Amino acid sequence: MAIIHGESSVDDGLIICLDAGNPKSYPGSGSKWYNLADSNDVWTASNGNPSWNSAGYFSLSADGAPAYTWNGKPSNYYNFVTGTAQHTVEIICRPSVTRATTLFNFFMADGQRAIMTHVPWVNNNIYYDVSGCRAGDQRINWSEPASGNINVLNRWTFRCRSNVTPHRQAFRNGVERRNSGGNSTRAATWGSGGAVLGGYSQNGNTWYGRIYEYRVYNRALTDVEMDQNARYFKERYGVG
């Protein structure tokens, strides 16, 4: 999908690639953000033209910008594997404040969370929910020091595997921060609720900070593939 200074990223299973620094994904103006992995998938800003910086990022309610979320197609449009919850999500972002909102959402048929993260919640906790909310087979969370998160650029990786323990893992710059231990993971039933980046549809709160790149895979990347992406992100953004 991308080659930066000789480092290529993993394409296999990539279903969403939104890249604020690539003119093929965002041409520098307008309210449309184009998915490089699917030419039929165009994400739309919720509040007109977003605040974009030529350094390759969007400011969502940060740096004096208005409130925005990015809205994609229904969650069941994306080619997730039916009967499993397996996925990998990677995002380069820099939160500016703690806030009662989510960074990204996909929804199940019953309206519950298929994939959701708080990065971070108001208590500085990071939450990663799969196929529901709060139960041991749905959520992992931990306290992330503000000094390593607020106004700090990070690569966050959230990986869910269906047949390897631990099933769910969360990483910051390639270092595992928390996993689901011996807990299993419920299979997701993908629904019609729209995919959202940078906000929480249930309470209208917008995530505050900068978003550079957002990647979603419909499978769990291997450790080797995560290392490959880490080299790409490190070369491009200085974090990996």
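**View 1. Phe104 and Leu197 face each other across two paired strands.** In this predicted model, Phe104 stands opposite Leu197 of strand β17. Two strands meet here: β10, residues 104-107, and β17 are antiparallel and joined by 2 bridges. On β17 you can also find Val196, the bridge partner of Asn71. That second pairing, between β8 and β17 (residues 194-197), is antiparallel too and runs over 3 bridges.

**View 2. Step back a little and the open sheet comes into view.** Its 8 strands follow the order β4-β5-β8-β17-β10-β11-β12-β13, and the pairing is antiparallel. The edges are formed by β4 and β13 (139-143); each has a single partner strand, so one side of each lacks a neighbour in the sheet. From one strand to the next, the twist averages 20°. Further along the sheet, β5 (residues 42-45) runs antiparallel to β8 (residues 70-74), with 2 bridges between them. Look for Thr44 here, opposite Asn71 of β8. As you trace a strand, keep in mind that side chains in a regular strand alternate between the two faces of the sheet.

**View 3. Tyr214 sits among the best-connected residues of the largest nonpolar core.** This core has 42 residues, and those with the most contacts inside it are Trp33, Trp43, Phe106, Leu197 and Tyr214. Which residues does Tyr214 touch, leaving aside those up to four places away in sequence? Among them are Ile16, Cys17, Leu18, Trp43, Val89 and Ile91. Phe104, Phe106 and Leu197 also touch Tyr214, as does Glu90. In soluble globular proteins, nonpolar side chains tend to be buried together.

**View 4. Trp33 is a buried residue with a polar contact.** Trp33 belongs to strand β4, residues 32-34. Its relative accessibility is 0%, so Trp33 counts as buried. Even so, the Trp33 side chain makes a polar contact with the side chain of Ser25, at 3.0 Å. Asp12 lies 21 residues from Trp33 in sequence, and their C-alpha atoms are 21 Å apart.

**View 5. Ser9 reaches Arg215 from a loop.** You will find Ser9 in the loop between β2 (7-8) and β3 (14-19). Is Ser9 buried or exposed? At 5% relative accessibility, Ser9 is buried. The side chains of Ser9 and Arg215 make a polar contact at 2.9 Å.

**View 6. Cys133 and Cys160 remain unbonded.** The structure holds 0 disulfides. Why does Cys133 have no bonded partner? The closest cysteine sulfur, that of Cys160, is 16 Å from the sulfur of Cys133, which is too far for a bond. Both residues are buried: Cys133 has a relative accessible area of 17%, and Cys160 is at 2% relative accessibility.

**View 7. Two cis peptide bonds precede prolines in loops.** The bond from Val119 to Pro120 is cis, with omega near -15°. Pro120 is in the loop between β11 (113-118) and β12 (125-130). The bond from Thr165 to Pro166 is likewise cis, with omega near 0°. Pro166 is in the loop between β14 (154-160) and β15 (168-172).

**View 8. Asn124 and Ser131 have positive phi angles.** Asn124 is not a glycine, yet its phi is positive at about 70°. This residue lies in the loop between β11 and β12 and is partly exposed, with a relative accessible area of 21%. Ser131, also not a glycine, has a positive phi of about 60°. Its place is in the loop between β12 and β13, where Ser131 is buried at 3% relative accessibility.

Terms used:
Residues numbered from 1 in each chain as written. Predicted model: local features only at pLDDT ≥ 70, side-chain atom pairs only at ≥ 80, totals over all residues. Heavy atoms only, no water. Helix = DSSP H or I, 4+ residues; strand = E, 2+ residues; numbered from the N terminus. Buried < 20%, exposed > 50% of the residue type's maximum accessible area, 1.4 Å probe, protein only. Polar contact = N/O pair within 3.5 Å; in protein donor to acceptor, adjacent residues only side chain to side chain. Disulfide = S-S within 2.5 Å. Core = buried A, V, L, I, M, F, W, Y, C linked by side-chain atoms within 4.5 Å. Contact = heavy atoms within 4.5 Å. Pairing = 2+ DSSP bridges. Axes fitted to C-alpha atoms, helices over the stretch in contact; angles between N-to-C directions.
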